Amino acid sequence: MEKELNGKLCRIPEHVAIILDGNGRWAKKRFLPRNMGHSQGAKVVEQICEDAWDLGIKYLTVYAFSTENWSRPEKEVSALMKLLRKYLVDSIERTTKNNMRVRVIGEKSRLSEDIRETIEKLEKVSAANTGLNFTIALNYGSRDEMVRAMRRMAADCCADVLRPEDITEEVFNSYLDTRELPDPDLMIRTSGEQRLSNWMLWQLAYTEFYFTDVLWPDFNKQELIRAIEYYNTRERRFGGI
(Lines give C-alpha, C1' and ligand atoms only; values in the text may rest on other atoms or scores of the structure.)
Protein backbone atom coordinates (compact mmCIF):
# COMPACT_ATOMS: atom_id res chain seq x y z
CA MET A 1 0.00 0.00 0.00
CA GLU A 2 1.17 3.53 -0.80
CA LYS A 3 0.04 6.81 0.75
CA GLU A 4 1.09 10.42 0.45
CA LEU A 5 2.94 11.59 3.56
CA ASN A 6 4.33 15.13 3.83
CA GLY A 7 3.94 15.57 0.09
CA LYS A 8 5.72 12.32 -0.84
CA LEU A 9 4.26 9.00 -1.94
CA CYS A 10 5.41 6.39 0.60
CA ARG A 11 5.15 2.62 0.91
CA ILE A 12 3.29 1.86 4.13
CA PRO A 13 4.69 -1.09 6.12
CA GLU A 14 2.06 -3.76 6.71
CA HIS A 15 3.37 -4.68 10.17
CA VAL A 16 5.15 -2.33 12.58
CA ALA A 17 6.68 -3.61 15.83
CA ILE A 18 7.65 -1.15 18.58
CA ILE A 19 9.82 -1.42 21.67
CA LEU A 20 8.21 1.09 24.04
CA ASP A 21 11.22 2.56 25.81
CA GLY A 22 11.82 5.64 27.92
CA ASN A 23 8.78 5.90 30.19
CA GLY A 24 10.90 6.04 33.34
CA ARG A 25 13.33 8.58 31.91
CA TRP A 26 10.41 10.74 30.72
CA ALA A 27 9.08 10.84 34.29
CA LYS A 28 12.51 11.46 35.81
CA LYS A 29 13.08 14.48 33.55
CA ARG A 30 9.88 15.95 34.97
CA PHE A 31 10.63 14.99 38.60
CA LEU A 32 7.66 12.62 38.57
CA PRO A 33 7.41 9.03 39.89
CA ARG A 34 8.21 6.37 37.29
CA ASN A 35 4.66 5.04 37.27
CA MET A 36 3.51 8.41 35.89
CA GLY A 37 5.74 7.78 32.89
CA HIS A 38 4.19 4.33 32.38
CA SER A 39 0.71 5.84 32.67
CA GLN A 40 1.49 8.46 30.04
CA GLY A 41 3.07 5.78 27.86
CA ALA A 42 -0.15 3.75 27.96
CA LYS A 43 -2.11 6.78 26.71
CA VAL A 44 0.34 7.13 23.82
CA VAL A 45 -0.23 3.47 22.89
CA GLU A 46 -3.96 4.18 22.56
CA GLN A 47 -3.33 7.13 20.25
CA ILE A 48 -0.69 5.39 18.16
CA CYS A 49 -3.12 2.53 17.49
CA GLU A 50 -5.50 5.04 15.93
CA ASP A 51 -2.68 6.80 14.07
CA ALA A 52 -1.28 3.54 12.70
CA TRP A 53 -4.64 2.49 11.27
CA ASP A 54 -5.19 5.97 9.83
CA LEU A 55 -1.83 5.71 8.04
CA GLY A 56 -2.69 2.31 6.57
CA ILE A 57 -0.71 0.02 8.89
CA LYS A 58 -2.55 -3.29 9.30
CA TYR A 59 -0.57 -4.87 12.16
CA LEU A 60 0.93 -3.13 15.19
CA THR A 61 2.83 -5.09 17.86
CA VAL A 62 4.19 -3.49 21.04
CA TYR A 63 6.68 -4.79 23.59
CA ALA A 64 4.95 -3.84 26.84
CA PHE A 65 6.49 -6.10 29.50
CA SER A 66 9.41 -8.49 29.04
CA THR A 67 10.38 -11.64 30.90
CA GLU A 68 13.30 -9.62 32.31
CA ASN A 69 11.10 -6.81 33.63
CA TRP A 70 10.17 -8.89 36.69
CA SER A 71 13.62 -7.99 38.06
CA ARG A 72 12.59 -4.36 38.46
CA PRO A 73 11.74 -3.08 41.97
CA GLU A 74 8.64 -4.78 43.35
CA LYS A 75 6.86 -1.45 43.77
CA GLU A 76 7.32 -0.60 40.09
CA VAL A 77 6.22 -4.06 38.92
CA SER A 78 3.12 -3.79 41.13
CA ALA A 79 2.29 -0.38 39.63
CA LEU A 80 2.78 -1.76 36.12
CA MET A 81 0.43 -4.68 36.79
CA LYS A 82 -2.19 -2.27 38.20
CA LEU A 83 -1.90 -0.12 35.09
CA LEU A 84 -2.07 -3.22 32.90
CA ARG A 85 -5.30 -4.36 34.55
CA LYS A 86 -6.97 -1.03 33.85
CA TYR A 87 -5.63 -0.86 30.30
CA LEU A 88 -6.89 -4.34 29.40
CA VAL A 89 -10.34 -3.74 30.92
CA ASP A 90 -10.66 -0.40 29.10
CA SER A 91 -9.50 -2.08 25.89
CA ILE A 92 -12.57 -4.31 25.81
CA GLU A 93 -14.79 -1.30 25.15
CA ARG A 94 -12.17 0.47 23.01
CA THR A 95 -11.68 -2.46 20.64
CA THR A 96 -15.40 -2.61 19.89
CA LYS A 97 -15.51 1.13 19.27
CA ASN A 98 -12.44 1.08 17.00
CA ASN A 99 -13.10 -2.29 15.31
CA MET A 100 -9.63 -3.42 16.48
CA ARG A 101 -8.54 -7.01 16.99
CA VAL A 102 -6.29 -7.58 20.00
CA ARG A 103 -3.94 -10.47 20.68
CA VAL A 104 -1.62 -10.94 23.67
CA ILE A 105 1.59 -12.91 23.24
CA GLY A 106 4.08 -14.12 25.83
CA GLU A 107 4.14 -16.61 28.70
CA LYS A 108 0.81 -15.82 30.37
CA SER A 109 1.06 -18.38 33.19
CA ARG A 110 3.07 -16.01 35.40
CA LEU A 111 0.42 -13.30 35.11
CA SER A 112 -2.24 -13.23 37.82
CA GLU A 113 -5.48 -15.10 37.20
CA ASP A 114 -7.64 -11.99 36.85
CA ILE A 115 -5.28 -10.58 34.20
CA ARG A 116 -5.36 -13.86 32.28
CA GLU A 117 -9.17 -13.90 32.42
CA THR A 118 -9.34 -10.33 31.10
CA ILE A 119 -6.93 -11.20 28.29
CA GLU A 120 -9.09 -14.17 27.32
CA LYS A 121 -12.21 -11.99 27.30
CA LEU A 122 -10.49 -9.24 25.31
CA GLU A 123 -9.23 -11.65 22.66
CA LYS A 124 -12.63 -13.31 22.39
CA VAL A 125 -14.59 -10.04 22.17
CA SER A 126 -12.29 -8.60 19.49
CA ALA A 127 -11.71 -11.78 17.45
CA ALA A 128 -14.13 -10.87 14.65
CA ASN A 129 -13.04 -7.23 14.35
CA THR A 130 -11.64 -6.26 10.96
CA GLY A 131 -9.61 -3.12 11.74
CA LEU A 132 -6.09 -2.85 13.13
CA ASN A 133 -4.51 -6.10 14.34
CA PHE A 134 -2.99 -4.97 17.64
CA THR A 135 -0.70 -7.33 19.53
CA ILE A 136 0.59 -6.74 23.06
CA ALA A 137 3.64 -8.64 24.26
CA LEU A 138 3.34 -9.35 28.01
CA ASN A 139 5.87 -11.39 29.95
CA TYR A 140 7.43 -11.93 26.54
CA GLY A 141 10.99 -12.90 25.73
CA SER A 142 11.99 -14.20 22.33
CA ARG A 143 14.30 -16.89 23.71
CA ASP A 144 11.54 -18.03 26.06
CA GLU A 145 9.10 -18.09 23.14
CA MET A 146 11.43 -20.27 21.06
CA VAL A 147 12.15 -22.64 23.95
CA ARG A 148 8.40 -23.05 24.55
CA ALA A 149 7.92 -23.70 20.83
CA MET A 150 10.66 -26.35 20.82
CA ARG A 151 9.16 -28.06 23.86
CA ARG A 152 5.81 -28.33 22.08
CA MET A 153 7.49 -29.64 18.94
CA ALA A 154 9.43 -32.20 20.99
CA ALA A 155 6.20 -33.33 22.66
CA ASP A 156 4.51 -33.70 19.26
CA CYS A 157 7.48 -35.71 17.99
CA CYS A 158 7.25 -38.03 21.01
CA ALA A 159 3.52 -38.43 20.35
CA ASP A 160 4.19 -39.22 16.68
CA VAL A 161 2.25 -36.13 15.64
CA LEU A 162 5.36 -34.62 14.05
CA ARG A 163 8.44 -36.19 12.52
CA PRO A 164 11.80 -34.43 13.05
CA GLU A 165 12.54 -34.59 9.32
CA ASP A 166 9.31 -32.66 8.65
CA ILE A 167 10.37 -29.65 10.72
CA THR A 168 10.81 -26.67 8.41
CA GLU A 169 10.95 -22.92 8.99
CA GLU A 170 7.22 -22.81 8.33
CA VAL A 171 6.54 -25.60 10.83
CA PHE A 172 8.72 -23.95 13.48
CA ASN A 173 6.96 -20.63 12.87
CA SER A 174 3.60 -22.33 13.45
CA TYR A 175 4.62 -23.10 17.05
CA LEU A 176 5.52 -19.49 17.89
CA ASP A 177 3.27 -17.02 19.71
CA THR A 178 3.17 -14.89 16.54
CA ARG A 179 2.03 -17.69 14.21
CA GLU A 180 -1.05 -15.70 13.12
CA LEU A 181 0.99 -12.60 12.26
CA PRO A 182 3.18 -11.68 9.28
CA ASP A 183 6.78 -10.83 10.12
CA PRO A 184 7.29 -7.13 10.92
CA ASP A 185 8.38 -4.87 8.08
CA LEU A 186 9.56 -2.11 10.41
CA MET A 187 10.81 -2.23 14.00
CA ILE A 188 10.92 1.01 16.01
CA ARG A 189 12.73 1.49 19.30
CA THR A 190 12.36 4.74 21.20
CA SER A 191 14.64 6.49 23.77
CA GLY A 192 17.94 6.12 21.90
CA GLU A 193 18.73 2.53 22.84
CA GLN A 194 19.96 0.43 19.92
CA ARG A 195 19.50 -3.20 20.87
CA LEU A 196 16.73 -5.78 20.52
CA SER A 197 16.47 -6.77 24.18
CA ASN A 198 15.21 -10.29 23.44
CA TRP A 199 12.44 -8.99 21.14
CA MET A 200 11.11 -11.12 18.27
CA LEU A 201 14.53 -12.49 17.32
CA TRP A 202 13.09 -15.00 14.82
CA GLN A 203 10.51 -12.67 13.33
CA LEU A 204 12.85 -9.68 12.80
CA ALA A 205 15.25 -11.56 10.51
CA TYR A 206 14.62 -9.22 7.55
CA THR A 207 12.93 -6.31 9.28
CA GLU A 208 14.13 -2.71 8.86
CA PHE A 209 15.19 -1.09 12.16
CA TYR A 210 14.49 2.52 13.13
CA PHE A 211 15.96 3.97 16.33
CA THR A 212 14.93 7.35 17.70
CA ASP A 213 16.02 9.39 20.73
CA VAL A 214 12.38 10.35 21.38
CA LEU A 215 11.10 8.93 24.66
CA TRP A 216 7.99 6.81 24.27
CA PRO A 217 5.59 9.20 26.10
CA ASP A 218 6.64 11.91 23.58
CA PHE A 219 6.13 9.67 20.54
CA ASN A 220 3.30 10.79 18.25
CA LYS A 221 1.89 10.45 14.75
CA GLN A 222 4.55 12.71 13.21
CA GLU A 223 7.30 10.57 14.77
CA LEU A 224 5.62 7.48 13.32
CA ILE A 225 5.56 9.16 9.92
CA ARG A 226 9.29 9.90 10.25
CA ALA A 227 9.90 6.21 10.89
CA ILE A 228 7.86 5.32 7.79
CA GLU A 229 9.80 7.88 5.74
CA TYR A 230 13.04 6.23 6.88
CA TYR A 231 11.59 2.83 5.96
CA ASN A 232 11.07 4.19 2.46
CA THR A 233 14.80 4.94 2.10
CA ARG A 234 15.60 1.25 2.55
CA GLU A 235 15.82 -1.25 -0.30
CA ARG A 236 14.48 -4.59 0.95
CA ARG A 237 16.21 -7.41 -0.95
CA PHE A 238 15.71 -10.28 1.51
CA GLY A 239 19.17 -11.66 0.72
CA GLY A 240 18.78 -11.24 -3.04
CA ILE A 241 20.20 -8.68 -5.45
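Modeller: Let's start with a rule for rings: those of Phe, Tyr and Trp (its six-membered ring) pair if their centres lie within 6.5 Å, and planes under 30 degrees apart count as stacked, over 60 as edge-to-face. Keep in mind that this is a predicted model.

Biologist: OK, with that rule, how many aromatic pairs does a search of the whole structure find?

Modeller: Eight turn up. Take Y63 and W199: their centres are 4.3 Å apart with 15° between the planes, so the pair is stacked. Y63 sits in strand β4 (residues 59–66), whereas W199 is in the loop between β7 (186–189) and β8 (208–211), so this pair ties together parts that are 136 residues apart in sequence. Both Y63 and W199 are buried.

Biologist: And which kind of pair do F65 and W70 make?

Modeller: For F65 and W70, the ring centres are 4.9 Å apart and the planes meet at 75°, so that one is edge-to-face. F65 is buried too, with a relative accessible area of 4%.

Biologist: Which residues form an aromatic cluster?

Modeller: Y63, Y140 and W199 make up one. Rings can also sit under a charge: R94 lies over the face of Y87, at 5.0 Å from the ring centre.

Biologist: Let's move to helices. How do I read the sides of one?

Modeller: An α-helix has 3.6 residues a turn, so residues three or four places apart point the same way. Now try α4, residues 113–126: at 1.5 Å a residue its 14 residues should span 20 Å, and the end C-alpha atoms are indeed 20 Å apart.

Biologist: Which residues of α4 are buried?

Modeller: I115, T118, I119, L122 and S126. They cover an arc of only 105° around the axis, which puts them on the same side of α4. That buried set packs against α3 (74–98), β5 (101–105) and β6 (133–140). The face turned away from the buried side carries the exposed residues E113, E120 and K124.

Biologist: Where is K108, then?

Modeller: K108 is in the loop between β5 and α4. With 26% relative accessibility, K108 counts as partly exposed, because buried means under 20% and exposed over 50%.

Biologist: What does K108 touch, leaving out residues up to four places away in sequence?

Modeller: K108 touches R116, I119 and E123. Closer along the chain, its side chain reaches the backbone oxygen of V104 at 3.0 Å. As for the Y87 we met under R94, K108 and Y87 are 21 residues apart in sequence and 16 Å apart in space, C-alpha to C-alpha.

Notes:
Residues numbered from 1 in each chain as written. Predicted model: local features only at pLDDT ≥ 70, side-chain atom pairs only at ≥ 80, totals over all residues. Heavy atoms only, no water. Helix = DSSP H or I, 4+ residues; strand = E, 2+ residues; numbered from the N terminus. Expected span 1.5 Å × (residues − 1). Buried < 20%, exposed > 50% of the residue type's maximum accessible area, 1.4 Å probe, protein only. Arc of directions from axis to C-beta. Contact = heavy atoms within 4.5 Å. Polar contact = N/O pair within 3.5 Å; in protein donor to acceptor, adjacent residues only side chain to side chain. Lys NZ or Arg CZ within 6 Å of the ring centre and 35° of its normal.
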